[in-house]
Structure formats: C-alpha cells, structure tokens
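Good morning, everyone, and thank you for making time for this. I would like to walk you through one structure, so please have the sequence and the model open while I talk.

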Amino acid sequence: MFNDNRVSRKGGDQVLLKYEGAVYRPPSEARSLIVQLTIGCSHNRCTFCTMYKDKRFRIRSLAEIKADFTEAKAYYGGHVRRIFLADGDALVMRTPDLLEILDFAKGCFPDAERITSYGTPADINRKSEDELVQLRRAGLEMIYLGAESGDAVTLENVCKGASREEIIAAGRKLRVCGIKSSVTLISGLGGRERLTEHAVESADLISQIQPDYVGFLTLMLERDAMIMEEINAGRLTLLQAEDVVEEMRLFLQNVDAEGTVFRSNHASNYIVLKGTLNEDIPHMLRYLDEIKEQNRFHPERARRL
C-alpha cells in the first residue's frame with residue numbers, strides 16, 4: 001500500500017504524482033511506476049475488502065493521467081522498467097482511451113519491460129477479443145484478475161459481483177488474446193463452513209483457466225469490513241493456520257494447470273509456498289506436512305495486509 005510518491009529532486013524541488021487516497025498494487029509490482037487511471041473500484045461491494053471504501057469511483061481524465069506520466073519522465077528519465085496502472089480496475093476505461101494512454105506511456109518510457117493492471121471479470125468480459133488484442137499489441141502485457149474463490153456459494157456470499165462462470169470466461173479470454181494473467185485466490189474466504197468447497201472448486205477454476213500465475217493471499221480483515229457481521233453472528237468461522245494447510249493441501253491435490261507459476265508468499269500468509277504446477281506439487285505437499293508437523297507457521301504478529 002502506498003499513500004504518496006513524493007520524492008526530492010536535486011535543488012530541493014519535489015515530484016508528486018497526484019495520488020488520491022491509499023494506492024494498492026500487487027506484491028510483484030513493488031518497483032513499478034504506479035499511475036492511477038481510475039480512482040477506487042467501480043464495484044466496491046466485496047464484503048471482505050475495505051481498500052477503496054474511502055473513495056468515490058471515477059475515471060481520471062486523459063490530461064490528468066498524461067500529466068503524471070510526464071512528471072515521472074522528468075524525474076526518472078529512462079529508468080522506469082515496469083508500469084502498473086491503478087486503481088482497482090483500470091481496464092474499465094474505454095479501449096480508445098486505454099490505447100492512447102498505453103501509447104503515451106511507451107513514448108515516455110520506451111525501455112519499459114512491461115505494463116500491467118488489475119482487471120475485474122466484468123471489465124474483461126465487456127471488451128471484445130479484438131479490443132483485448134489491440135491492448136496487448138499496445139503494450140498491456142499482464143492483467144491481475146482477482147478471482148478470490150472458485151466456489152459459487154462463497155462468491156455470492158462475499159458479493160464478488162461475478163459468477164464462477166464469468167471469472168472462468170474472463171481468464172480464458174485473456175489467454176486466447178495473448179494477455180498474461182495472474183489470478184488471485186484467498187485462503188479462508190469460505191471459512192471452515194466451506195473449506196472443502198472453496199479449495200476444490202478453486203482448484204477446478206484454475207484448471208479451467210490455466211493462468212500464467214496463481215497467487216494465494218490469506219484472509220485478513222479490518223474491523224469495518226462488512227464480512228465481520230457474518231463472523232460476529234457465528235455464520236462464518238475464520239481458519240486457523242492448521243486449517244489453511246488442509247485447505248491448501250486440497251487445492252494442490254485437485255488442481256491441474258501444467259506450467260502455472262504458483263505463489264503463496266504474501267505477507268498475509270501463514271506459510272511461504274512456491275513452485276510450478278504441476279511438477280512441484282509433490283514437493284509442496286511434503287513441505288506442507290513438514291510445516292504442520294513442526295508447527296512452523298508465521299506468527300500472527302508477523303502477518304499483515
């Protein structure tokens with residue numbers, strides 16, 4: 001999470017990209033230039049998420065966005081290698097506007113290795129295959145797709161705003177159009193009540209999408225998250241570390257996505273687990289057994305959003 005990108009120039013002047021509110025990005029975008037194309041999230045109703053609750057959604061003007069890229073170019077010169085387009089769903093922008101921004105970004109940073117963004121299932125499915133191919137050719141290399149779960153009941157319970165079928169369709173569409181995908185799932189999102197369904201159906205979802213990357217977070221909540229009502233009422237039971245191991249074991253035993261890079265190394269996780277599906281599944285299962293037997297989980301105080 002970033003709140004501000006103020007840095008000092010020689011001579012005391014400052015560069016300030018005009019961020020509004022807290023800015024979030026995937027862990028792999030830690031060294032990326034982050035530019036907000038939208039403010040907040042157009043859906044913003046997921047019960048577990050509080051990231052954009054303090055923002056009113058809007059799409060920034062092309063002039064505002066270009067000004068940020070121009071400012072960043074003046075400071076960083078040719079040293080930007082990665083660019084991440086924020087906030088929660090930059091892909092909601094009209095395709096002609098996105099193409100114009102991608103062209104401008106590449107003009108400012110011609111040596112940038114890649115440009116990425118978040119994309120909701122609705123954003124992706126709303127665009128035609130031709131539009132997505134145009135975006136890929138213009139430089140949009142990868143989209144981070146928050147699936148959260150493959151379990152239809154869990155998706156409905158957390159007000160995801162997309163069905164299991166819509167998520168699968170979005171992931172497959174990216175693959176057909178040549179855009180890489182990184183799919184995010186959340187350990188514990190179904191609670192103990194739907195541990196098995198969440199694990200097995202998430203494995204099936206990934207098997208059907210065959211994404212380039214899949215990453216697991218572990219559910220962590222702020223007090224004002226809407227899902228706390230379910231927890232406080234006893235309708236949803238949070239997982240303990242041992243439960244997360246069982247859920248992960250079920251996922252790995254049921255997934256079939258040859259070549260997908262697997263990561264469970266977010267700061268929220270009880271366990272750091274990484275490998276490549278399917279070849280590293282036996283090793284990862286053995287590692288889960290070792291962690292459980294030796295009780296080597298990350299302590300609660302070390303976990304954070």
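**Strands, helices and a few unusual residues**

Let me begin with one pair of residues: Ile186 has Leu217 as its bridge partner in strand S10. Before I go further, I should say that this is a predicted model, in which local features need pLDDT of at least 70 and side-chain atom pairs count only at pLDDT 80 or more, while totals for chains, interfaces and linings use all residues. Residues are numbered from 1 along each chain as its sequence is written, and side-chain values use heavy atoms, with hydrogens and water left out.

Strand S10 covers residues 213-218, and it pairs with S9 in the parallel sense over six bridges, where pairing requires that DSSP finds at least two bridges between two strands. S9 itself, residues 180-187, is mostly covered, with six of its eight residues buried; by buried I mean under 20% relative accessible area, by exposed over 50%, and by partly exposed anything in between, using a 1.4 Å probe and protein chains only. S9 also runs parallel to strand S8, residues 140-148, and six bridges join these two. Within that pairing, Gly146 finds its bridge partner in Thr184 of S9.

S8 also holds a residue with an unusual backbone angle, namely Glu148. Its phi is positive, about 70°, although Glu148 is not a glycine. Is this residue buried or exposed? Glu148 is buried, with a relative accessible area of 10%.

A second residue of this kind is Cys159, which has a positive phi near 55° and is likewise not a glycine. Cys159 lies in a loop, the one between helix H5 (152-157) and helix H6 (164-176), and with a relative accessible area of 37% it is partly exposed.

Let me turn now to another set of strands, centred in my account on S6. Four of the five residues of S6, residues 82-86, are buried, so this strand is largely enclosed by the rest of the structure. Strand S3, residues 33-36, pairs with S6 in the parallel sense over four bridges, and there Val35 has Leu85 of S6 as its bridge partner. S6 is joined by four bridges to strand S7 as well, residues 114-118, again running parallel, and in S7 the partner of Leu85 is Ser117.

The peptide bond from Ala86 to Asp87 is cis, with omega near 0°, and Asp87 is found in the loop between S6 and helix H2 (95-108). There is also a cis peptide bond from Leu277 to Asn278, with omega near -5°; Asn278 lies in the loop between strand S12 (273-276) and helix H10 (281-294).

Next, two helix residues. Ile209 lies in helix H7, residues 195-209, and is buried, with a relative accessible area of 2%. Which residues does Ile209 touch, leaving aside its neighbours within four places in sequence? It is in contact, meaning heavy atoms within 4.5 Å, with Ile167, Ile168, Gly171, Arg172 and Arg175. For Arg175, which is 34 residues away from Ile209 in sequence, the C-alpha to C-alpha separation is 8.0 Å.

Ala74, in helix H1 (residues 62-76), is exposed, with a relative accessible area of 53%. Ala74 and Ser28 are 46 residues apart along the chain, and their C-alpha atoms are separated by 25 Å.

Let me close with the chain as a whole. It contains 10 helices and 12 strands, which are DSSP runs numbered from the N terminus, with helices being H or I of at least four residues and strands being E of at least two. The radius of gyration is 20 Å, close to the 19 Å that the globule rule gives for 305 residues, so the chain is as compact as a globular protein of that length; the radius is taken over C-alpha atoms, and the rule is 2.2 Å times the number of residues to the power 0.38. Along its principal axes, the C-alpha trace spans about 55 × 40 × 35 Å. Buried residues make up 50% of the 305 residues. Finally, of the contacts between residues at least 6 apart in sequence, 74% join residues at least 24 apart.
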